[in-house]
Every structure is written in structure tokens, then in C-alpha cells.
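Trainee: I should be grateful for a close look at a single part of this structure, namely the sheet and the contacts made by the loops and strands around it. Please take me through it in one connected account.

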Amino acid sequence: MGARWTIVLVDDLRSFVDGRSAEVARTSAAGVEVLHRHRDGRLDELWLDHDLGGDDTIRPVVAILEQAAFEKRPFDIVIASRADAVRMSALRRVS
């Protein structure tokens, strides 16, 4: 039996239309909790939406990723974005 592929999606509205299995967090608070729960494991895919409805944003989730990097225990992720400006900004911040 193969290893389980761990996918986390933090998005207030969307789910995967192709039916792939993912752990879905609909708020930043839920996203933070998911990251803490998977901290010592592997996240194969991490999908983030920037606005999570109302005044909620992805910033608290990104803060967890930044803190992990500052503590020299970064998450192993690939930056993927449909928006070039977002991708370039993110790459500058982690470089």
C-alpha cells in the first residue's frame, strides 16, 4: 500500500472539482489549526486563498509558515499562484 498524499486547502468557498481528497479549512483559524496538526508530518500540497470572507484573510496562516522559517523548521512547499505579482512577492519574501 502506498503512502497517503496529504493535501490541505484553505479556502472559504472552493473545493477541488476533480474530486481529489483534501483536508479543507474554511477560515484562517481552521487553517492555523490544520498546520499545527500536520507540523511534524509532510504536506504534499498546500493551497491558499488570499481572502477568506468578511475580514478574514490568509495572513494568520502565512504567519505560521513565516514563524516556522524563522525557527529554522520551514515547511517544504512550492509557491504556485495564478497571479504573477503574488508569486514574485512571495518569492522575494522567502529568498
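Mentor: In this predicted model, three strands form an open sheet in the order β2-β1-β3, with parallel pairing. The edge strands β2 and β3 each pair on one side only. On average, and ignoring direction, neighbouring strands of the sheet are turned by 15 degrees against each other. Between β1 and β2, which run parallel, there are three bridges, and V8 stands opposite E23 in β2. Helix α1, residues 28–37, packs on this sheet and touches β1, β2 and β3. The direction of α1 makes about 140 degrees with that of β2.

Consider next the loop between β1 and β2, beginning with its aromatic residue. The whole structure contains one aromatic pair. F16 and W47 form this pair in an edge-to-face arrangement, with 5.2 Å from centre to centre and 75 degrees between the planes. F16 belongs to the loop between β1 (7–10) and β2 (23–25), while W47 belongs to strand β3 (residues 45–48), so the pair links distant parts of the chain, 31 residues apart. F16 counts as buried because its relative accessible area is 18%, under the 20% limit. W47, at 38%, is partly exposed. R20 lies over the face of F16, 4.3 Å from the ring centre.

The loop between β1 and β2 also holds R14, which takes part in two of the contacts described here. R14 forms a salt bridge with D11, the closest N and O atoms being 3.0 Å apart. The side chain of R14 also meets that of D49 in a salt bridge, at 3.1 Å from N to O. D49 lies in the loop between β3 and α2 (59–70), 35 residues from R14, and the pair links distant parts of the chain. D11, R14 and D49 are thus linked in a network of salt bridges. Within this network D11 is buried, at 5% relative accessibility, and D49 is buried as well, at 6%, whereas R14 is partly exposed, at 46%.

Salt bridges number seven in this structure. Another of them joins the side chains of R73 and D40, at 2.8 Å from N to O. R73 is in the loop between α2 and α3 (84–94) and D40 is in the loop between α1 and β3, so this pair ties together parts that are 33 residues apart in sequence. Here R73 is partly exposed, with a relative accessible area of 41%, and D40 is exposed, at 72%.

Conventions: Residues numbered from 1 in each chain as written. Predicted model: local features only at pLDDT ≥ 70, side-chain atom pairs only at ≥ 80, totals over all residues. Heavy atoms only, no water. Phe/Tyr/Trp six-rings, centres within 6.5 Å; stacked < 30°, edge-to-face > 60°. Helix = DSSP H or I, 4+ residues; strand = E, 2+ residues; numbered from the N terminus. Buried < 20%, exposed > 50% of the residue type's maximum accessible area, 1.4 Å probe, protein only. Lys NZ or Arg CZ within 6 Å of the ring centre and 35° of its normal. Pairing = 2+ DSSP bridges. Axes fitted to C-alpha atoms, helices over the stretch in contact; angles between N-to-C directions. Contact = heavy atoms within 4.5 Å. Salt bridge = Lys/Arg side-chain N within 4 Å of Asp/Glu carboxyl O.
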